[in-house]
Each structure stands twice: as C-alpha cells, then as structure tokens.
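Subject: Handover of a structure and the findings on it

Dear colleague,

Please find below the structure that I am handing over to you. I should be grateful if you would keep it open while reading the notes that come after it.

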Amino acid sequence: MMNKIKFDEKGLIPAIIQDINTKDILMMAYMNKDSLLKTLETKQTWFYSRSRQELWNKGATSGNVQNVKKISYDCDGDTLLIEVEQTGVACHTGKYSCFFNELYKTDDYKINFSLDILYNVIEDRKNNPKEGSYTNYLFDKGLDKILKKVGEENAEVIIASKNEDISELKYEIADLVYHTLVLMIEKGIKIQDIKEELSKRVK
C-alpha cells in the first residue's frame, strides 16, 4: 500500500487527525515516509517537523498521545486521514482541537451533539478553568461534592419517574448524565471505557 502514497517534492504528505469517537478534526501535521512507518509500527502518531527537520511523537512530552485506530488516504493518494483515540488535548494551546478559531458560521449552524463532545467540553473545563463555571466549582470542591451531586440527581430521576411530566424526567436524566460525566473525568474514566464495558453485555 505504501507505493500508493504520494509524497511531495520534499518527501512530505499532510496528515489530518480525526477523533474516531466524536469525528472532530483535531489537527493537521506533516509526515514523511519514516514518520508514517513509525506510526504504523507503534500505533501512535509520529510526524515530521519542518522547522526542526526531525521526527516527533505526538504526546511524548505532554502525555497527550494519539492511539491510531485507522489510516486512510484520499483518491489522489496525497493526503492522509488518521483516526485516533485522543488522550488529553490535541492542541498545544490546551484546547481539545487545533481548529477552535471561527472564520465563518451560518446562522443555523448546529453542533452534531454527542456525549463524547460533552465529555470533551467538561474535560477542557477541568484543564482550562473558567471563572464562574459550575463545572469548575464541582472539580474544585472535589470527589465528595461530585458524589453528593450524583446521588442527588439519581434520587431526582427516581422521583421524576413517578410523575406524569416526561419533560421533567428528561431534564433530571440529563442532570444525572452530566454529573456522571464529571465523576468519570474526576476518576480518569473515558467514554470508550464504558462503551467497551457495555459491549461485553450485548449478546
């Protein structure tokens, strides 16, 4: 397959990195043949630095490694798409994705929401605290406070289930899911961990 990859005159090819779960585009960097081979060998992303003229392993110093799940190339063979499970954040600024600056957005633009996206937002809030944030309030107060809220929301789901108002039940379930995600992040549990656990029960 390597003979179908077209490197440019400098021996480079652009690689687009995508979160396999959220489908967010995380970053773009360049690879040469050696970094691509290292990526295939280690199952983690390796790139070529044009400024330093050397290979570099994403997350080697920060711990924000990218575990490679799939590599594709486009119809011309001159661009790579690499789907990864991202540990931590992808951007050196501390943002989850490098593509956080908006140039244009339509009035009816809507985010394709998923629990993975909410998880990433909560995790980003923990890593980049924002004044007045309720999420940061929970993290600042610590595990006991988070557990208390999970317990309270669980009880409120039970109470709402006994009533006829479905909208109230949906609201309380959303609260429980949110606080459960906060707990997961506090304890270092990924959504993928839960997906893998649930997959064991599908028989």
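The notes below describe what was found, topic by topic.

The model is predicted, so local features are reported at pLDDT of at least 70 and side-chain atom pairs only at pLDDT 80 or more, while totals for chains, interfaces and linings use all residues. Residues are numbered from 1 along each chain as its sequence is written, and side-chain values use heavy atoms, with hydrogens and water left out.

Annotated domain

UniProt, in an unreviewed entry, places the feature "domain: Phosphoribosyl-AMP cyclohydrolase" at residues 27–100. UniProt positions are given in the numbering used here, feature names are shortened, and annotations may be inferred rather than shown by experiment. In the model, the C-alpha atoms at the two ends of residues 27–100 are 10 Å apart. This span is 14% helix and 38% strand; helices (H or I, at least four residues) and strands (E, at least two) are DSSP runs, numbered from the N terminus.

Strand β6 and its partners

Strand β6 covers residues 80–86, and 5 of its 7 residues are buried. Here buried means under 20% relative accessible area, exposed means over 50%, and partly exposed lies in between (1.4 Å probe, protein chains only).

Strand β6 pairs with β1 (residues 13–19) in the parallel sense over 5 bridges, where two strands pair if DSSP finds at least two bridges between them. Within this pairing, Q18 has E83 of β6 as its bridge partner. Strand β5 (residues 66–73) also pairs with β6, in the antiparallel sense and over 7 bridges. There, I71 has I82 of β6 as its bridge partner. Strands β5 and β6 form a hairpin with 6 residues between them. In the turn of this hairpin, G77 has a positive phi of about 75°.

Salt bridges

The count of salt bridges is 10, a salt bridge being a side-chain nitrogen of Lys or Arg within 4 Å of a carboxyl oxygen of Asp or Glu. One of them joins the side chains of E83 and K23, with an N to O distance of 3.5 Å. Because E83 lies in strand β6 and K23 in the loop between β1 and β2 (25–31), this pair ties together parts that are 60 residues apart in sequence. E83 counts as buried at 10% relative accessibility, whereas K23 is partly exposed at 46%.

K190 and E123 also form a salt bridge, and their closest N and O atoms are 3.1 Å apart. This pair links distant parts of the chain, with K190 in the loop between α5 and α6 (191–199) and E123 in helix α2 (residues 115–127), 67 residues apart. K190 is partly exposed, with a relative accessible area of 26%, while E123 counts as buried at 12%.

A further salt bridge, at 3.5 Å from N to O, is found between the side chains of E197 and R201. E197 is partly exposed at 33%, and R201 counts as exposed at 60%. In addition, salt bridges link K149, E152 and E153 in a network.

Aromatic pairs

The structure holds 3 aromatic pairs. Rings of Phe, Tyr and Trp (its six-membered ring) pair if their centres lie within 6.5 Å; planes under 30 degrees apart count as stacked, over 60 as edge-to-face and the rest as tilted. The ring centres of F47 and W56 are 5.1 Å apart and their planes stand at 45°, so this pair is tilted. F47 counts as buried at 0% relative accessibility, and W56 is partly exposed at 26%.

The rings of Y134 and Y137 have centres 6.0 Å apart and planes at 25°, so this pair is stacked. Y134 and Y137 are 3 residues apart in helix α3 (residues 134–141), which means that about one helical turn separates them. Y134 is partly exposed at 37%, as is Y137 at 36%. Ring pairs link Y134, Y137 and Y178 into a cluster.

Yours sincerely
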